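Welcome! Please take a moment to look over the sequence and the model, and then we will walk through them together.

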Amino acid sequence: MTMKKYRKFRKDNRCRFCRGGVENIDYQDVGMLQKLCTPQAKLSSSRRSGNCARHQRQVKIAIKYARYMALLSYTT
């Protein structure tokens with residue numbers, strides 16, 4: 001007889017932007033973009049950040065804009 005794994009289901013397993021109803025991610029919100037980067041200023045993976053594919057692409061573009069506008073650093 002095999003044992004079933006216990007799975008704990010969470011209600012908030014959706015991405016943080018989907019839960020908040022965010023349509024577009026603003027590149028000027030530097031605090032939020034820094035939370036989605038690693039300490040080496042790399043973009044966190046969608047698994048680690050919990051973003052869906054659509055919002056992960058928007059975050060990627062927003063971080064690139066913020067770096068170009070010198071709001072975020074390319075490296076630490």
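How many salt bridges does a search of the whole structure find? The search turns up one. It joins arginine 54 to glutamate 23, and the closest N and O atoms of the pair are 3.5 Å apart. These two partners come from distant parts of the chain, with their positions 31 residues apart: arginine 54 sits in helix H4, while glutamate 23 lies in the loop between helix H1 (16-20) and H2. Arginine 54 has a relative accessible area of 39%, so it counts as partly exposed, because that value falls between the limits of 20% and 50%. Glutamate 23 has a relative accessible area of 51% and is exposed, because exposed means over 50%. Please keep in mind that this is a predicted model.

Let us step back to the chain as a whole. You can count four helices in the chain, and zero strands. Read from the N terminus on, the order of elements is α-α-α-α. The chain has 76 residues, and 28% of them are buried. About 6600 Å² of the chain is exposed, with 52% of that area supplied by carbon and sulfur atoms. What share of the contacts with a separation of 6 or more comes from residues 24 or more positions apart? Such residues account for 59% of these contacts in the chain.

Next, find serine 44, in the loop between helix H2 (30-35) and helix H3 (46-49). Is serine 44 buried or exposed? Its relative accessibility is 8%, so serine 44 counts as buried, the cut-off being under 20%. Setting aside its neighbours within four places in sequence, you will find serine 44 in contact with Leu36, Cys37, Thr38, Ser49 and Gln56.

Finally, follow the chain to the segment after helix H4 (53-68), where methionine 69 has its place. Which residues form a nonpolar patch on the surface with methionine 69? The patch is made up of Tyr68, Met69, Leu71 and Tyr74, and together they have about 500 Å² of accessible area. Methionine 69 itself has a relative accessible area of 47% and is partly exposed. That value is over 30%, so methionine 69 meets the accessibility requirement for a place in a patch.

Now you can go back to the model and trace these places for yourself: the salt bridge between arginine 54 and glutamate 23, the buried serine 44, and the nonpolar patch that includes Met69.

Conventions. Residues are numbered from 1 along each chain as its sequence is written. This is a predicted model: local features need pLDDT of at least 70, side-chain atom pairs count only at pLDDT 80 or more; totals for chains, interfaces and linings use all residues. Side-chain values use heavy atoms; hydrogens and water are left out. Patches are made of residues with over 30% relative accessible area and no salt bridge: like charges are joined within 9 Å, nonpolar side chains (Val, Leu, Ile, Met, Phe, Trp, Tyr) within 5 Å. Accessible areas come from the Shrake-Rupley method with a 1.4 Å probe; for residues, only the protein chains shown count as cover. A salt bridge is a side-chain nitrogen of Lys or Arg within 4 Å of a carboxyl oxygen of Asp or Glu. Helices (H or I, at least four residues) and strands (E, at least two) are DSSP runs, numbered from the N terminus. Buried means under 20% relative accessible area, exposed over 50%, partly exposed in between (1.4 Å probe, protein chains only). Contact means heavy atoms within 4.5 Å.
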